[in-house]
Amino acid sequence: MNFSRYLLRRLGYSVFVLLGLSVVVFIIARLVPGDPARAALGPRATQEAVEALRAKLHLDKPIYVQYFFWLRSVFQGDFGESLYTRRPVIEDIREFLPATLELALFAGLFMAVFGLLLGVLSARYANTWVDNVIRVLAYLGIATPAFVVAIILILLFGMYYEVFPTIGRLSPGISAPPRLTGLLTLDSLLSGNWIALVDALKHLFLPALSLSLGGLFQEARITRASMLENARRDFVAAARAYGIPERVVIAKYLFKPSIIPTVSILGLDFASLIGNAFLVELLFNWPGISRYGINVMLRKDIEAIVAVVMVLGVVFTVVNILVDLVVAYLDPRIRLVERGE
Amino acid sequence: MQDVLLDVQNLVVHFRVYGGYLKVLDGVTLQVRRQERVGLVGETGCGKTTTMKTIMGILPKPPGVVRGGRILFKGRDVLSMRPQELEHLRRSGISMIFQDPTAALNPVFTVGEQLEDAIRYALGRRDHASVREVALSALQSVALPDPPRILESYPVQLSGGMRQRVCIALALAYPKELLIADEPGTSLDVTIQDQILRLIHRLAEERKMAVILISHSLGVIREWTERVYVMYAGTIVEEAKTGELFARPLHPYTGALMRCVPKLTGTGIAEGIPGRIPDYFDPPAGCRFHPRCPHCMDICRQRKPQLFPVDENHRVACFLFGRNSRG
Ligand SMILES: Nc1ncnc2c1ncn2[C@@H]1O[C@H](COP(=O)(O)OP(=O)(O)OP(=O)(O)O)[C@@H](O)[C@H]1O
Ligand SMILES: [Mg+2]
């Protein structure tokens with residue numbers, strides 16, 4: 001398989017997309033009305049101090065010069081300094097990104113596992129009560145915004161039925177594992193801290209569930225439709241005609257081609273989770289990058305805004321490449337056409 | 001009859017569609033004897049594939065519904081078989097070469113994966129080496145070059161002719177008693193189609209299989225079969241020894257089929273017959289051919305003609321012939 005060339009081309013293409021994104025965000029962040037330097041220093045700062053800060057941020061230069069300075073430091077791993085926390089932005093991101101990634105990974109896991117499961121059940125028992133129940137749930141799940149689900153879950157579990165915690169990533173009093181990846185579950189697993197692992201999983205459950213429901217039911221519907229469509233195809237009839245047992249026909253010859261569209265959509269849903277997690281992070285007091293991103297936007301913290309958007313852009317790109325690879329692995333037609341056969 | 005292998009009686013199959021049913025098969029009756037080569041001819045959409053899929057128990061349900069009739073294979077009722085019995089039937093009894101090889105091959109598995117699975121379950125063999133050996137010899141028997149490479153290939157990597165051969169290898173990877181060949185090679189050019197038909201003929205002889213050969217082309221039917229069924233709009237309208245049918249076509253539909261010269265390519269036997277195949281949603285009452293029939297009588301609009309023997313080797317479903325008008 002000549003995957004590496006395909007991968008290289010995808011990567012090259014992504015670099016262009018990310019550069020384009022950076023130009024757009026860079027300009028928009030600077031077009032927002034109001035002077036970031038004044039906003040950072042407050043109304044009582046002297047005009048000289050504001051001017052000095054503007055000069056330091058290159059805000060007194062034309063925008064393309066500013067962009068050039070910005071790009072140069074980004075390549076040196078420097079995203080500038082937050083005007084508020086006065087810390088390098090990259091440190092903020094290192095602090096908040098893993099929490100969101102962990103949340104999104106679990107939400108993605110829920111979407112993949114339960115979405116496929118419900119979709120397969122729905123197709124297998126098409127037009128019976130099982131299918132009807134799943135379809136009604138799907139309409140509800142897709143139509144209800146994640147934050148509404150979050151509020152319902154918080155009310156239900158936080159107030160009446162306290163099995164799952166609804167605040168933060170760890171219970172107070174539980175010592176956090178040493179920080180290796182920033183993903184609490186992984187860190188506690190690596191350091192063998194089982195108590196922290198269980199506690200972190202419990203904390204993840206409700207926010208990940210509320211974040212995943214919309215996508216989960218979307219996956220279920222797509223899986224159902226694609227399985228029912230393929231079930232009428234000749235290749236399924238042919239597999240039966242060659243004496244292959246029914247369970248193998250379904251679980252192998254029908255299942256694999258049917259989940260290809262699900263996997264593509266799953267990738268998109270997963271990538272957009274990370275940006276859309278804001279309200280869920282707020283409600284569950286989750287120290288994530290979405291919440292951080294909204295805060296810096298409200299404060300016109302221009303360096304941080306650009307950095308957050310770029311980080312989300314990179315995550316989005318990486319996830320998309322991974323999904324394309326999985327789809328190419330599942331579907332030889334894509335793989336072989338890429339090779340020009 | 002002792003040597004009857006397949007006996008289909010009055011098969012009625014409908015398709016559920018929005019707002020009602022397509023009443024496609026309207027009492028199909030046919031028999032196949034051991035080692036016999038039987039042809040089935042009729043214009044596109046008359047229900048040939050539907051009949052064959054029902055015989056193999058692979059009619060997609062929904063939308064398909066079997067409304068009546070009986071299918072006996074070696075005296076055993078196929079329609080009431082349990083799933084395991086059906087699997088057994090497909091492993092040792094009947095096999096089918098699908099009309100469109102591209103659609104019949106699973107796009108996301110290699111040829112080897114599909115072929116080896118079929119062999120593994122049919123022969124109940126677990127060890128990979130012997131399954132692979134059978135797979136390679138199946139590909140050899142259909143004259144495919146470089147079998148090891150074909151095993152590794154995905155269907156998209158093969159030409160149309162190779163896919164067709166792979167489908168034959170799949171259908172005949174292990175011994176069967178009846179082979180259904182649904183328009184083999186129609187999608188290919190004429191020389192390759194001829195090679196494919198020769199191949200099927202040779203394999204059938206070697207393995208003492210009966211064959212049902214479906215075709216649009218009367219030329220193909222005449223060359224390769226011993227007995228023919230003519231199908232029109234979900235019913236068998238005429239049945240005869242091949243030579244007899246071509247010498248003395250009785251049903252007005254058969255006559256029309258023969259008069260319009262079949263084109264070398266394409267499926268256009270209907271071109272020469274005025275009118276179209278009827279709408280299955282609301283099919284004509286009585287004889288389904290009556291709206292297109294030049295000899296249409298009153299009774300044709302009211303009653304459905306049954307297959308009636310005009311002599312030992314020739315039966316026709318038409319009121320123009322004999323006592324059929326009474327019963
Ligand atoms: N899954 C299905 N759903 C609805 N209608 C169907 C289905 N399969 C077949 N039909 C209808 O049944 C009729 C007969 O189809 P069939 O494929 O058996 O014809 P055929 O004789 O094999 O034609 P061809 O020569 O084109 O292969 C057609 O009118 C078709 O529209
Ligand atoms: Mg057909």
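α8(B) makes the largest contribution to the lining of the largest cavity, with 4 residues. That is a handy place to start a tour of the empty and filled spaces in this predicted model.

**The largest cavity**

The cavity in question has a volume of about 80 Å³, and a search of the whole structure turns up 5 cavities of 30 Å³ or more. Besides α8 (190-207), β8 (210-215) of chain B gives two or more residues to the lining of the largest cavity. Leu197(B), Ile200(B), His201(B) and Ala204(B) are among the lining residues, and so are Val211(B) and Leu213(B). Arg37(B) and Trp224(B) line the largest cavity too. By class, this lining comes out as 6 nonpolar, 1 polar and 1 charged.

**The largest pocket**

Now for the open space. The largest pocket holds about 950 Å³. It is lined by 28 residues, and those closest to its centre come from both chains: Ala231(A) and Arg240(A), plus Pro60(B), Lys61(B) and Pro62(B). On the chain A side, α5 (89-124), α9 (194-231) and α11 (246-276) each put at least two residues into the lining of the largest pocket. α9(A) has the largest share there, 4 residues. Sorted by class, the lining of the largest pocket has 18 nonpolar, 3 polar and 7 charged residues.

**Around ligand 1**

Which residues sit closest to ligand 1? They are Thr44(B), Lys48(B), Thr49(B), Thr50(B) and Gln99(B), out of 15 that surround the ligand. Three side chains in chain B place an N or O atom at these distances from an oxygen atom of ligand 1:

| Side chain | Distance to an oxygen atom of ligand 1 |
|---|---|
| Gln99(B) | 2.6 Å |
| Lys48(B) | 2.8 Å |
| His216(B) | 2.9 Å |

Along with these pairs, there is the matter of cover: on its own ligand 1 exposes 630 Å², and the protein buries 71% of that.

As for the elements involved, β2 (20-33) and α1 (48-55) of chain B each bring at least two residues to the shell around ligand 1. α1(B) gives the most, with 3 residues. Lys48(B), one of the closest residues, falls at the start of the 48-55 range of α1. The shell around ligand 1 splits into 6 nonpolar, 7 polar and 2 charged residues.

Technical notes: Residues numbered from 1 in each chain as written. Chains lettered and ligands numbered in written order. Predicted model: local features only at pLDDT ≥ 70, side-chain atom pairs only at ≥ 80, totals over all residues. Heavy atoms only, no water. Near = heavy atom within 4 Å. Polar contact = N/O pair within 3.5 Å; in protein donor to acceptor, adjacent residues only side chain to side chain. Areas by Shrake-Rupley, 256 points an atom, 1.4 Å probe, with all protein chains shown as cover. Nonpolar A, V, L, I, M, F, W, Y, C, P; charged D, E, K, R; others polar. 1 Å grid on protein atoms, 1.4 Å probe; cavity = no way out; pocket = protein on both sides within 12 Å on 5 of 7 lines; lining within 4 Å. Points joined across faces, edges and corners; volume = space filled by probe spheres on them.
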